[in-house]
Amino acid sequence: MKANELIIVLFEHCPRVLLQVFPQLEETLQHDSVQIRILGTDTLSTIFGLAGKYNFSVGSSGSHVIYRSTWEAWLRRRTDKAVAVRIAWVKGAKAPLTNH
């Protein structure tokens, strides 16, 4: 199992454990490698899409807030310089934006 897949599974079962992982995931969104940015975008799209299910507030105030800077960095992927990253963002954006 890939590390990003494991992060998603852990978030589904025990989301609070991963709150310290978000800064590292945020760094993947700014990496030089397009493939790593796509992987980070996909992972965060999935996590942000699940956040509402687990009563986590994404990028705003609430009892359980996922890092605002990570949310904002994920939102900026819609204007990434690489078309492939923008496409990955569009494909994964529906659930996070609907649940936000």
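Two residues are in contact here when heavy atoms of theirs lie within 4.5 Å. The structure is a predicted model, and the contacts described below are computed from its atoms.

The chain contains 6 helices and 2 strands. Read from the N terminus, these elements follow the order α-α-α-β-β-α-α-α. Of the 100 residues in the chain, 40% are buried. Among contacts with a separation of 6 or more, 56% join residues that are 24 or more positions apart.

Helix 3 is a convenient place to start. It covers residues 34-51. With 18 residues, helix 3 reaches 25 Å from its first C-alpha to its last, close to the 26 Å expected at 1.5 Å a residue. At the start of this helix, a side-chain oxygen of Ser33 comes to within 3.4 Å of the backbone nitrogen of Gln35. The buried residues of helix 3 are Arg37, Ile38, Gly40, Thr41, Thr43, Leu44, Ser45, Ile47, Phe48, Gly49, Leu50 and Ala51. An α-helix has 3.6 residues a turn, so residues three or four places apart point the same way. That spacing is useful to keep in mind when reading the contact lists that follow.

Helix 1 is one partner of helix 3. Helix 1 spans residues 3-13, and its axis comes within 10 Å of the axis of helix 3, with a crossing angle of roughly 10°. Helix 1 is therefore roughly parallel to helix 3, because angles under 35 degrees count as roughly parallel. On the helix 1 side the residues that meet helix 3 are Asn4, Ile7, Ile8, Phe11 and Glu12. On the helix 3 side they are Leu39, Gly40, Thr43, Thr46, Ile47, Leu50 and Ala51. Sorted by class, this contact has 7 nonpolar, 4 polar and 1 charged residues.

Thr43 shows this arrangement at the level of one residue. It is a residue of helix 3, and it counts as buried because its relative accessible area is 3%, where the cut-off for buried is under 20%. Apart from neighbours within four places in sequence, Thr43 is in contact with Asn4, Ile8 and Leu25. Both Asn4 and Ile8 are among the helix 1 residues that meet helix 3. Within its own helix, a polar atom of the Thr43 side chain lies 2.9 Å from the backbone oxygen of Leu39.

Helix 5, residues 83-92, is another partner of helix 3. The two axes come within 9 Å and cross at roughly 10°, so helix 3 and helix 5 are roughly parallel to each other. Helix 3 contributes Val34, Arg37, Ile38, Thr41, Asp42 and Ser45 to this contact, and helix 5 contributes Ala84, Val85, Ala88, Trp89 and Gly92. By class, the contact has 6 nonpolar, 3 polar and 2 charged residues.

Gly92 belongs to helix 5. Leaving out residues up to four places away in sequence, Gly92 touches Ser45 and Trp74. Gly92 is 48 residues from Leu44 in sequence, while the two C-alpha atoms are 8.7 Å apart in space.

Leu44 also leads to helix 4. Thr70 sits in this helix, which runs over residues 68-76. Thr70 counts as buried because its relative accessibility is 0%. Beyond its neighbours within four places in sequence, Thr70 is in contact with Phe22, Glu26, Leu29, Leu44 and Phe48. Of these, Leu44 and Phe48 are listed among the buried residues of helix 3.

The loop between helix 4 and helix 5 holds Lys81. At 74% relative accessibility, Lys81 counts as exposed, since the cut-off for exposed is over 50%. Outside its neighbours within four places in sequence, Lys81 is in contact with Arg37 and Arg86. Lys81 and Val34 are 47 residues apart in sequence, with 9.4 Å between their C-alpha atoms.

Helix 6, residues 94-99, includes Thr98. Thr98 counts as exposed because its relative accessibility is 58%. The side chain of Thr98 reaches the backbone oxygen of Lys94 at 2.7 Å. Thr98 and Gly49 are 49 residues apart in sequence and 8.0 Å apart in space, taken from C-alpha to C-alpha. Gly49 is one of the buried residues of helix 3, which brings the account back to the helix where it began.

Key: Residues are numbered from 1 along each chain as its sequence is written. This is a predicted model: local features need pLDDT of at least 70, side-chain atom pairs count only at pLDDT 80 or more; totals for chains, interfaces and linings use all residues. Side-chain values use heavy atoms; hydrogens and water are left out. Helices (H or I, at least four residues) and strands (E, at least two) are DSSP runs, numbered from the N terminus. Buried means under 20% relative accessible area, exposed over 50%, partly exposed in between (1.4 Å probe, protein chains only). A polar contact is a pair of N or O atoms within 3.5 Å; within protein, one must be able to donate a hydrogen and the other to accept it, and residues adjacent in sequence count only if both atoms are side-chain atoms. Axes are lines fitted to C-alpha atoms, for helices over the stretch in contact, and angles run from 0 to 180 degrees between N-to-C directions. Angles under 35 degrees count as roughly parallel, over 145 as roughly antiparallel, 65 to 115 as roughly perpendicular and the rest as oblique. Ala, Val, Leu, Ile, Met, Phe, Trp, Tyr, Cys and Pro count as nonpolar, Asp, Glu, Lys and Arg as charged, and the others, Gly among them, as polar. The expected span of a helix is 1.5 Å times one less than its number of residues.
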